[in-house]
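Let us take a walk through a structure together, one step at a time. Have the sequence and the 3D view ready as you read.

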There are 2 protein chains.
Amino acid sequence: MVARRLPRALVAACVPLATRERILFEAAHLFAAQGFHATTTRQIAEAVGIRQPSLFHHFATKDAIVEALFDWDLGLALPRTRAVAALPEPAAVRLYRYLHDDLRHLEEAPYNLSGLYADEVIGRPEFAPWAERRDLLHRVVAGIVREGTAAGEFIEVDATLVSQAIAGILVRALTLHSGGRAPGRGLADEVARLVVRGLLADPAALEEVQGRAALLRLPGE
Amino acid sequence: MVARRLPRALVAACVPLATRERILFEAAHLFAAQGFHATTTRQIAEAVGIRQPSLFHHFATKDAIVEALFDWDLGLALPRTRAVAALPEPAAVRLYRYLHDDLRHLEEAPYNLSGLYADEVIGRPEFAPWAERRDLLHRVVAGIVREGTAAGEFIEVDATLVSQAIAGILVRALTLHSGGRAPGRGLADEVARLVVRGLLADPAALEEVQGRAALLRLPGE
DNA sequence: GCGGCAACCTATCGGCCGATAGGCTGGGTG
DNA sequence: CACCCAGCCTATCGGCCGATAGGTTGCCGC
């Protein structure tokens, strides 16, 4: 019995990525579609086009695949968010820029990461280090909101509630994006505008906020 | 070997609910905390205080527990949302009322339903009937948004994007609620205000919208 | 007081899961 | 050329899963 059917090897055939990268890609795809626990290593292997035990030459365990994906995502998002939060700019501008950048990051990611941030995955004790980093990111966002309220830029809100709502929106926005979406204005700007507009004490300032956010220069650039 | 340790029988001991109800309660709790597939029937049984096979006297399969929870939730939410959407009121008032009612419904639910609407559960073919009803609910909400934009009440937005964002917020708001939250203004009103304010062409109208939404009388009441 | 049945129990099944053991192979290097 | 080892394979393991079979108990109606 040799090489039964070629799986979804379309992409894989055109661009011969390293096997390790294809495992991450297919695994993230399956985790997003049917959840981490419902995805078997045999399904991942079949999608990649190898046998199930061959997976373990690239990742010691199934969990290690998740860890690699978390590293890729949070390793980029957390430092970038902290950099944005520390800029000497109005809170509205910083929040807009964070939202925009995070959404672009998720849009352009080679992996569909929306399956990782469910409680069934990131809530497990084994992944506590990444849960902490995610919580830290949420606190940074909540801090921006709190500063905005204190400065009178934003209305009075529960900053923690807002940061949770933002997290919920980001995960869901991905669903829409991966499901194909009319181009028009970018998803990132549309979502960022909606959220910041809902918070601004003076919504008329939205255009200026968006403009300033677009011009922001981050330290690392 | 008889009745080893009593599980979290605190609630169960104080209020001797029917076993079937306690199964739904504990199962929903576990699904929310660690996902459907990661939750075993043995865990549910232990939480309820019975042996694992005894579960199957109340539900034929593990899936049947999920179906009962979906029925309870969507069976209430969908008709109510349609009723609100059909009222001869401005779109902003109807959207506010929908958000408020849905959040109150989730807040007061005896079950934590946030684990059911992950793709790993509702995305399975077996649960397609409930996925259709959920999509229908989203379309009703998107319809309200679209009417609001057409009437000039709301700014120009992608109504589908907004309905997805709302879905994301609702699931996340539950996380916060079940994690304990300062009372103050109700969660339902706070979230509804944020969302509607972000959409209103004239945010100053928010107070009036909230007032009218509170006074709305639904057909079934 | 006795049949019946709902609710629970113990014991156990087949099946799938993640992971391991160990063999084959082919390109790269001394 | 001999060697090595990365990368894949087949075969298989122990363990846990959802579900079934069948016995025991105790309450309720007659």
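The paragraphs below go from one chain to the pair, then to the DNA and the interior.

First, a word on how to read the names and values. This is a predicted model, in which local features need pLDDT of at least 70 and side-chain atom pairs count only at pLDDT 80 or more, while totals for chains, interfaces and linings use all residues. Residues are numbered from 1 along each chain as its sequence is written, and chains are lettered from A and ligands numbered from 1 in the order in which they are written.

Start with chain A. It has 10 helices and 0 strands, where helices (H or I, at least four residues) and strands (E, at least two) are DSSP runs numbered from the N terminus. Of the 221 residues of chain A, 43% count as buried. Here a residue is buried if 20 or more other C-beta atoms lie within 10 Å of its own, exposed if 12 or fewer, and partly exposed in between, with C-beta atoms placed from the backbone. Next come contacts: two residues are in contact if their C-beta atoms, placed from the backbone, lie within 7 Å. Among contacts in chain A between residues at least 6 apart in sequence, 70% join residues at least 24 apart.

Chain A is also divided into domains. The assignment gives domain 1 (9–57) and domain 2 (62–215); such bounds come from an automatic or database domain assignment. The C-alpha centres of these two domains of chain A lie 28 Å apart. Where they meet, 12 residues of domain 1 of chain A are in contact with 14 residues of domain 2 of chain A. On the domain 1 side, H2(A) gives the largest share, 8 residues. By class, that side has 8 nonpolar, 4 polar and no charged residues. In this scheme Ala, Val, Leu, Ile, Met, Phe, Trp, Tyr, Cys and Pro count as nonpolar, Asp, Glu, Lys and Arg as charged, and the others, Gly among them, as polar.

Now bring in the partner. How many residues of chain A are in contact with chain B? There are 30 of them, and they meet 30 residues of chain B. Helices H2 (19–34), H6 (119–122), H8 (159–178) and H9 (187–199) of chain A each supply at least two residues of this side. H8(A) provides the largest share, 12 residues. The side of chain A that touches chain B divides into 15 nonpolar, 9 polar and 6 charged residues.

How do the two chains relate? Chain A can be laid on chain B with an RMSD of 0.1 Å by a turn of 180° and a shift of 0.0 Å along the axis, using a least-squares superposition on the C-alpha atoms of residues with pLDDT of at least 70 in both copies. The two copies are thus related as by a two-fold rotation axis. In chain A, the C-alpha nearest this axis belongs to Gly198(A), 1.7 Å from it. Because 100% of the interface residues of chain A are also interface residues in chain B, the copies meet through the same surface.

Turn to the DNA. Around strand C there are 16 residues, the closest being Thr40(A), Pro53(A), Thr61(A), Arg51(B) and Pro53(B); a residue is near a strand if its C-beta atom, placed from the backbone, lies within 6 Å of it. Around strand D there are 15 residues, and the closest are Arg51(A), Pro53(A), Thr40(B), Pro53(B) and Thr61(B). The surface near strand C has 6 nonpolar, 7 polar and 3 charged residues, and the surface near strand D has 5 nonpolar, 7 polar and 3 charged.

Finally, look inside. In soluble globular proteins, nonpolar side chains tend to be buried together. A nonpolar core is a set of buried Ala, Val, Leu, Ile, Met, Phe, Trp, Tyr and Cys residues joined through C-beta atoms within 7 Å. Of the 129 residues in the largest nonpolar core, Val191(A) and Val191(B) touch the most other members. Not counting residues up to four places away in sequence, Val191(B) touches Leu99(B), Leu103(B), Ile169(B) and Ala173(B).

One more residue closes the tour. Val48(A) sits in helix H3 (residues 41–48) of chain A and is buried, with 25 other C-beta atoms within 10 Å. Leaving aside neighbours within four places in sequence, Val48(A) is in contact with Thr19(A), Arg22(A), Ile23(A) and Glu26(A).
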